[in-house]
Amino acid sequence: MNIFKTLTLVTLGSSLLLAVSPKEVDHLESIVKIGNKSSTLLIKTLAQNMQKKMKSGGTLHALDFCSNQAYSLTQEVNQKLRGVSVKRVSVKYRSPDNIPSQKERAILESLQSLKNSNVILPKYVIQKVDTNTYKYYKPLIINKKACLKCHGDIKNVALKHEIANRYPLDSATGYKMGDLRGAIIVTIEKSIK
Ligand code: HEC
């Protein structure tokens, strides 16, 4: 029985692969690699800096870092990556710098709707935008208690006040552990050679 199952899977797998040319498979693999690398670079850069500020001066200090430097650090990461751009977006955004486009919003909403149906979200999804452009979306989950300090139900009055002051349009609070917070989007321009 197991052998039968395996055989069916192998046949299914190869017929799926046949639908896409080997060149395209290689191409998609390289898109995924670039997406993984670029999103990791951004997350690491932001997380390391944030942790340092949290340790040295607490949540308010870290907030100051986020609002003053998260965007410019993102731009720095972009300068390191050639032909690729990376950003963070959220439907419930805090900073207007991180508003998704209409089309990006549709993908974020689809991810949210999958999540609402108890689907375990994939590490990434790839969208083909046009012949040479791809978007790699990495869902960002509230996966650390520290996130809740600034995105949960904020109890610290001074922090609440400071967030309201800096972000009058803030809608990035009220999250719980495991919630979908948004996504990193890596836009990749790469033609098949
Ligand atoms: C010290 C407060 C603080 C903590 C802790 C914090 N954030 Fe944020 N976050 C902010 C601020 C301020 C912004 C808006 C400025 C920016 O970073 O672009 C933001 C923005 C974001 C954005 C971009 C979308 C938007 O709403 O503007 C995402 C995604 C995000 N945070 C996820 C997280 C996750 C996941 C964690 C935990 C690993 C976390 N944050 C921890 C303060 C914080």
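Here are some exercises with worked solutions on the predicted model shown above.

**Exercise 1. The overall layout**

Work out how many helices and strands the chain has, and in what order they come.

*Solution.* Start with the count: the chain holds 5 helices and 4 strands. Next, walk from the N terminus and write down each element in turn, which gives α-α-β-α-β-β-α-α-β. Then look at the overall extent: along the principal axes, the C-alpha atoms fill a box of roughly 60 × 40 × 30 Å. Turn to burial, and you will find that 31% of the 193 residues count as buried. Finish with the contacts between residues at least 6 apart in sequence: 69% of these join residues at least 24 apart.

**Exercise 2. The ligand and its shell**

Find where the ligand sits and describe the residues around it.

*Solution.* First, place the ligand: it sits in the largest pocket. Second, list its surroundings. There are 21 residues around the ligand, and Arg94, Cys147, Cys150, His151 and Arg181 come nearest. Third, sort the shell by residue type, which yields 12 nonpolar, 5 polar and 4 charged residues. Fourth, ask which elements supply the shell. Helices α2 (22-80) and α4 (145-151) each give at least two residues, and the largest share, 7 residues, comes from α2.

**Exercise 3. Polar atoms facing the ligand**

Identify which polar protein atoms lie 3.0 Å, 2.9 Å and 2.5 Å from a ligand atom.

*Solution.* Take the backbone to begin with: a polar backbone atom of Ser95 is 3.0 Å from an oxygen atom of the ligand. Now move to the side chains. His151 places a polar side-chain atom 2.9 Å from a ligand nitrogen. For Arg181, a polar side-chain atom and an oxygen atom of the ligand are 2.5 Å apart. His151 and Arg181 are also among the residues that come nearest to the ligand.

**Exercise 4. A residue in a strand**

Decide whether Thr133 is buried or exposed, and explain why.

*Solution.* Locate the residue: Thr133 lies in strand β3, which covers residues 133-141. Check its relative accessible area, which is 7%. The cut-off for buried is under 20%, so Thr133 counts as buried. Now see what surrounds Thr133. Its side chain makes a polar contact of 2.9 Å with the side chain of Asp130. Beyond its neighbours within four places in sequence, Thr133 contacts Gln127, Lys128, Thr187, Ile188 and Glu189.

**Exercise 5. Two loop residues**

Assign Met177 and Asn143 to their loops, then to an exposure class.

*Solution.* Begin with Met177, found in the loop between α5 (157-166) and β4 (180-189). Its relative accessible area is 42%. Partly exposed covers the range between under 20% and over 50%, so Met177 is partly exposed. Setting aside residues up to four places away in sequence, Met177 touches Ile142, Asn143, Lys144, Lys145 and Leu148.

That list brings us to Asn143, which is found in the loop between β3 and α4. Exposed requires over 50%, and Asn143 has 53% relative accessibility, so Asn143 counts as exposed.

As a last step, compare sequence spacing with distance in space. Met177 and Ile192 are 15 residues apart along the chain, with their C-alpha atoms separated by 40 Å. Asn143 and Ser101 are 42 residues apart along the chain, and their C-alpha atoms are separated by 25 Å.

Methods
Residues numbered from 1 in each chain as written. Predicted model: local features only at pLDDT ≥ 70, side-chain atom pairs only at ≥ 80, totals over all residues. Heavy atoms only, no water. Near = heavy atom within 4 Å. Polar contact = N/O pair within 3.5 Å; in protein donor to acceptor, adjacent residues only side chain to side chain. 1 Å grid on protein atoms, 1.4 Å probe; cavity = no way out; pocket = protein on both sides within 12 Å on 5 of 7 lines; lining within 4 Å. Sits in = over half its atoms within 2 Å of the grid points. Nonpolar A, V, L, I, M, F, W, Y, C, P; charged D, E, K, R; others polar. Buried < 20%, exposed > 50% of the residue type's maximum accessible area, 1.4 Å probe, protein only. Contact = heavy atoms within 4.5 Å.
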